[in-house]
Structures are given as structure tokens and as C-alpha cells.
Amino acid sequence: LGQEGTAKAIIVAMEVLGIPVIKVSRVASGDAISYEEIPSIISEIGLIVNTTPLGMFPNIDSSPPLPYAALNEQHFLYDAVYNPLETLFLKKGIAARVGGTHTGIDMLIGQADKAWEIWKS
């Protein structure tokens, strides 16, 4: 979910790992579907990665417009947002009893580690 820098980096990593990617944006384009198209393919999706700022402090009451009622244990949610750690996106996934959730804190720590490595060189 999303089309900016974080999304692009995660897409590259997933493609390197051989994981098929479906890009989602507010507006469908040549290489992305819209949120409105998700319900028709939700049963084919296993991992949903949120790279949008939806749910990030101070707008903690927002979340991507997904069919949360259709989520189940086959779905795993990853949120690149790390403030707050448990976003509304993840809370809705937990309520739907998804297979697992993951916060963006490891991404934040990884970025900090790399910045420190570059800075001290």
C-alpha cells in the first residue's frame, strides 16, 4: 500500500526474494490497482504491507481503506509506521485474527544502524 520511497524499497526487496507484488494506490494506474479493487482479490493475498502515513501520529485514527472483515489467518500485516507501534491498521488486523502483524520499529532501527555506520566511517 503506497507508492513513495518506502514502498519502492520494499517492492525491490520483495521482488529480489521472488515474492509477487501487487501495488495499491488511491488511484489505479498502469502498474497499480486502487483500494476499491482489493475486495475482489483479498483471498489471493497473503502479506499486506502499509507504507502510507495512514495511522501515523498525530493522525492515529486513520487506516488504509481495506476490507478488514474479510481478513483472516492467511493474512499477515506489516506496517512501516512506527509511531505509534500499534497502528489502527494493525489493531483492525488483530481484531480480524490475521496470521500475524509486524511494526515498523525494525525498519527504524535498521535505518539508524546504517546511518551510524556511515557517519562513523
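Does Tyr 78 count as buried or exposed, and at what relative accessibility? Tyr 78 counts as buried, because its relative accessibility is 19% and the cut-off for buried is under 20%. The model is predicted. This briefing starts at Tyr 78, then takes in the sheet, helix α2, the nonpolar core and the salt bridges.

**Tyr 78 and its surroundings**

- Tyr 78 lies in strand β4, which covers residues 76-79.
- Its bridge partner in β5 is His 102.
- Thr 103 is 25 residues away from Tyr 78 along the chain, yet their C-alpha atoms are 6.0 Å apart.
- Beyond four places in sequence, Tyr 78 has contacts with Leu 47, Ile 48, Val 49 and Asn 50, among others.
- Those four residues make up the span of β3, 47-50.
- Further contacts of Tyr 78 include Phe 89, His 102, Thr 103, Gly 104 and Met 107.
- Phe 89 is one of the buried residues of α2.

**The sheet**

- Three strands form an open sheet in the order β3-β4-β5, and the pairing is parallel.
- The edges are β3 (47-50) and β5 (100-102). Each has a single partner strand, so one side of each has no neighbour in the sheet.
- From one strand to the next, the twist averages 15°.
- The parallel pairing of β4 with β5 runs over 3 bridges.
- Strands of a sheet pair through backbone hydrogen bonds.

**Helix α2 on the sheet**

- Helix α2 spans residues 88-95 and packs on the sheet, where it touches β3, β4 and β5.
- The directions of α2 and β4 make an angle of about 165°.
- Phe 89, Leu 90 and Gly 93 are the buried residues of α2. Viewed down the helix axis, they fall within an arc of 95°, so they line one face of α2.
- These buried residues pack against β3, β4 and β5.
- Arg 97, just after α2, has a positive phi of about 60°.

**The nonpolar core**

- The largest nonpolar core holds 17 residues.
- The members that touch the most others are Leu 1, Ile 38, Ile 48, Leu 66, Leu 71, Leu 77 and Phe 89.
- Ile 48 and Phe 89 also appear among the contacts of Tyr 78.
- Leu 1 has contacts beyond four places in sequence with Ile 38, Ile 48, Leu 66 and Phe 89, among others.
- Leu 1 also contacts Val 24, Tyr 35, Val 49, Asn 50, Thr 51, Thr 52 and Pro 64.
- In soluble globular proteins, nonpolar side chains tend to be buried together.

**Salt bridges**

- The structure has 2 salt bridges.
- One joins Lys 23 and Asp 31, with the closest N and O atoms 3.2 Å apart.
- Lys 23 counts as partly exposed at 24% relative accessibility. Asp 31 is also partly exposed, with a relative accessible area of 47%.
- Glu 117 and Lys 114 form a salt bridge through their side chains, at 3.2 Å from N to O.
- Glu 117 and Lys 114 both lie in helix α3 (residues 105-120). They are 3 residues apart, so about one helical turn separates them.
- An α-helix has 3.6 residues a turn, so residues three or four places apart point the same way.
- Glu 117 is partly exposed, with a relative accessible area of 41%. Lys 114 is partly exposed too, and its value is 43%.

Methods:
Residues numbered from 1 in each chain as written. Predicted model: local features only at pLDDT ≥ 70, side-chain atom pairs only at ≥ 80, totals over all residues. Heavy atoms only, no water. Helix = DSSP H or I, 4+ residues; strand = E, 2+ residues; numbered from the N terminus. Buried < 20%, exposed > 50% of the residue type's maximum accessible area, 1.4 Å probe, protein only. Contact = heavy atoms within 4.5 Å. Pairing = 2+ DSSP bridges. Axes fitted to C-alpha atoms, helices over the stretch in contact; angles between N-to-C directions. Salt bridge = Lys/Arg side-chain N within 4 Å of Asp/Glu carboxyl O. Core = buried A, V, L, I, M, F, W, Y, C linked by side-chain atoms within 4.5 Å. Arc of directions from axis to C-beta.
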